[in-house]
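Thank you all for making time this morning. I would like to walk through one model with you, going from confidence to fold and then to packing.

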Amino acid sequence: MFLKKHSQPEWTPADRQRERLLLDYFAAETNLEEKAKAAIVRKGVIDLYPDGPDKDRAIKDFEAAQHSLLCAIGTVDGLRNDMRSYIAAHEKDFEATARWAVPSVNISSHTIIEKVYRDFFAAR
């Protein structure tokens with residue numbers, strides 16, 4: 001007559017740490033997308049006015065954006081590797097294994113940048 005409540009298991013410390021790692025990874029992924037867009041725009045400025053009066057400044061801006069993009073790529077790849085290692089090392093400690101299937105962690109930074117380029121040029 002009365003239905004029993006299905007309670008979810010309590011999160012273990014491993015669950016909480018995995019959640020923190022995942023949030024850091026998603027933030028880094030978003031940062032990578034923003035840095036890729038910025039580099040595309042800076043390169044577009046150089047291509048639009050190749051002999052413009054501010055050519056040197058545009059090139060410096062592009063190089064700075066490119067450096068930021070490379071740093072963001074390293075951050076995403078590092079966090080992705082940390083996440084994979086953590087999940088592999090603590091798989092037995094997880095209370096609810098269904099929570100641990102994180103498909104986006106398997107996406108490379110190269111794939112993220114390709115998507116940004118595709119979306120950017122499709123919007124034109």
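**Confidence, fold and packing**

Let me begin with how far the predictor trusts its helices: in this predicted model, the lowest confidence falls in helix α3, residues 109–122, with a mean of 87, while the highest falls in helix α2, residues 55–90, at 90. For the protein taken as a whole, the mean pLDDT is 82, and 81% of the residues reach 70 or more. As a general caution for what follows, where pLDDT is low, the predicted coordinates should not be read in detail.

Turning to the fold, the protein has three helices and zero strands, and from the N terminus on the elements therefore read α-α-α. Of the 124 residues in the protein, 30% are buried, and among the contacts with a separation of 6 or more, 82% come from residues 24 or more positions apart.

What do we find in the interior, and which residues have the most contacts inside the largest nonpolar core? That core has 15 residues, and the ones with the most contacts inside it are L32, L69, V76 and I113. Helices α1 (13–48), α2 and α3 each supply at least two residues of this core. Apart from this core lies another, of six residues, including A14, L21, M83 and Y86.

V76 deserves a closer look: leaving aside residues up to four places away in sequence, V76 touches Y25, A28, E29, L32, S109 and I112. T75, by contrast in topic, is found in helix α2 and has a relative accessible area of 40%, which lies between the 20% limit for buried and the 50% limit for exposed, so T75 counts as partly exposed. T75 and N31 are 44 residues apart in sequence, and their C-alpha atoms are 9.5 Å apart in space.

Finally, the helix pair: at what angle do α1 and α3 pack? The angle is about 50°, with the axes of α1 and α3 10 Å apart. Because an angle of 35 to 65 degrees is neither roughly parallel nor roughly perpendicular, α1 is oblique to α3, and the crossing of α1 and α3 is right-handed. On the α1 side of this contact we have Y25, E29, L32, E33, A36, K37, I40 and V41, which meet S109, I112, I113, V116, Y117, F120 and F121 in α3. Y25, E29, L32, S109 and I112, which belong to that contact, are also among the residues that V76 touches.

Notes
Residues are numbered from 1 along each chain as its sequence is written. This is a predicted model: local features need pLDDT of at least 70, side-chain atom pairs count only at pLDDT 80 or more; totals for chains, interfaces and linings use all residues. Side-chain values use heavy atoms; hydrogens and water are left out. pLDDT is the predictor's confidence in each residue, from 0 to 100. Helices (H or I, at least four residues) and strands (E, at least two) are DSSP runs, numbered from the N terminus. Buried means under 20% relative accessible area, exposed over 50%, partly exposed in between (1.4 Å probe, protein chains only). A nonpolar core is a set of buried Ala, Val, Leu, Ile, Met, Phe, Trp, Tyr and Cys residues joined through side-chain atoms within 4.5 Å. Contact means heavy atoms within 4.5 Å. Axes are lines fitted to C-alpha atoms, for helices over the stretch in contact, and angles run from 0 to 180 degrees between N-to-C directions. Angles under 35 degrees count as roughly parallel, over 145 as roughly antiparallel, 65 to 115 as roughly perpendicular and the rest as oblique. A crossing is left-handed if the near helix is turned anticlockwise from the far one by less than a right angle, and right-handed if clockwise.
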